[in-house]
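User: I have a model open and would like to go through it with you. Could you take my questions as they come?

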Amino acid sequence: MVAEFFKYHAPNDVTIPKYAAINQAAKNFAEVVLANCPSGSDRVAAINAIRAARMTANAAIALNGLSLY
């Protein structure tokens with residue numbers, strides 16, 4: 001089962017629109033943060049958190065709910 005976490009999961013007709021929705025929402029949020037937060041380490045941290053959330057959400061889609069727990 002662990003191998004499933006470390007293999008490539010090719011996008012397909014079901015996952016492509018899901019990835020697109022997540023990616024667009026993350027981009028929109030990042031643009032709002034950049035437009036409204038002053039430059040600095042907190043803004044950088046916010047953008048990094050958005051990137052991490054996007055990647056984790058896309059992993060959830062790729063793994064289709066698979067969990068070790």
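**Salt bridges and helix packing**

Analyst: Lys27 counts as partly exposed, at 43% relative accessibility, and I should say at the outset that this is a predicted model.

User: What does Lys27 form a salt bridge with?

Analyst: Its partner is Glu31, and the closest N and O atoms of the two residues are 2.9 Å apart. Glu31 is likewise partly exposed, at 40% relative accessibility.

User: Where do Lys27 and Glu31 sit relative to each other along the helix?

Analyst: They are four residues apart in helix H2, so about one helical turn separates Lys27 from Glu31.

User: How many salt bridges does a search of the whole structure find?

Analyst: The search finds two salt bridges. Besides the pair in H2, the side chains of Glu4 and Lys7 meet in a salt bridge, with an N to O distance of 3.5 Å. In that pair Glu4 is partly exposed, with a relative accessible area of 29%, and Lys7 is partly exposed at 45%.

User: OK, helices now. How do the axes of H2 and H3 cross?

Analyst: The axes of helix H2, residues 15-36, and helix H3, residues 41-63, come within 10 Å and cross at roughly 170°. That makes H2 roughly antiparallel to H3, because an angle over 145 degrees counts as roughly antiparallel.

User: Which residues in H2 and H3 meet?

Analyst: On the H2 side they include Tyr19, Ile22, Ala26, Phe29, Val33 and Leu34, and on the H3 side they include Ala46, Ile47, Ile50, Ala57 and Ile61. Asn23 in H2 and Asn58 in H3 are also among the residues in this contact, as are Arg43 and Arg54 in H3.

User: And Thr56, is that buried or exposed?

Analyst: Thr56, which is placed in helix H3, counts as exposed at 54% relative accessibility. Its C-alpha atom is 19 Å from that of Val33, and the two residues are 23 apart in sequence.

User: What about Asn36, buried or exposed?

Analyst: Asn36, found in helix H2, is exposed, with a relative accessible area of 59%. Measuring C-alpha to C-alpha in the model, Asn36 and Ile61 are 30 Å apart in space, while in sequence they are 25 residues apart.

User: Different topic, backbone angles. What is phi of Asn64?

Analyst: Phi of Asn64 is near 55°, which is a positive value in a residue other than glycine. For context, most residues other than glycine have a negative phi. Asn64 lies in the segment after H3 and is exposed, with a relative accessible area of 71%.

User: Last one, the surface. Which residues form the nonpolar patch?

Analyst: The patch is formed by Met1, Val2, Phe6, Leu68 and Tyr69, which together have about 720 Å² of accessible area. Met1 is in the segment before helix H1, residues 2-5, and is exposed at a relative accessible area of 61%, whereas Leu68 is in the segment after H3 and counts as partly exposed at 48%.

User: What does Leu68 touch, leaving out residues up to four places away in sequence?

Analyst: Leu68 touches Met1, Val2 and Phe5, and of these Met1 and Val2 are also in the nonpolar patch. By contrast, the C-alpha atoms of Leu68 and Leu34, which are 34 residues apart along the chain, are separated by 36 Å.

Note on methods
Residues numbered from 1 in each chain as written. Predicted model: local features only at pLDDT ≥ 70, side-chain atom pairs only at ≥ 80, totals over all residues. Heavy atoms only, no water. Patch = residues over 30% accessible without salt bridge, like charges linked within 9 Å, V, L, I, M, F, W, Y side chains within 5 Å. Areas by Shrake-Rupley, 256 points an atom, 1.4 Å probe, with all protein chains shown as cover. Salt bridge = Lys/Arg side-chain N within 4 Å of Asp/Glu carboxyl O. Helix = DSSP H or I, 4+ residues; strand = E, 2+ residues; numbered from the N terminus. Buried < 20%, exposed > 50% of the residue type's maximum accessible area, 1.4 Å probe, protein only. Axes fitted to C-alpha atoms, helices over the stretch in contact; angles between N-to-C directions. Parallel < 35°, antiparallel > 145°, perpendicular 65-115°, else oblique. Contact = heavy atoms within 4.5 Å.
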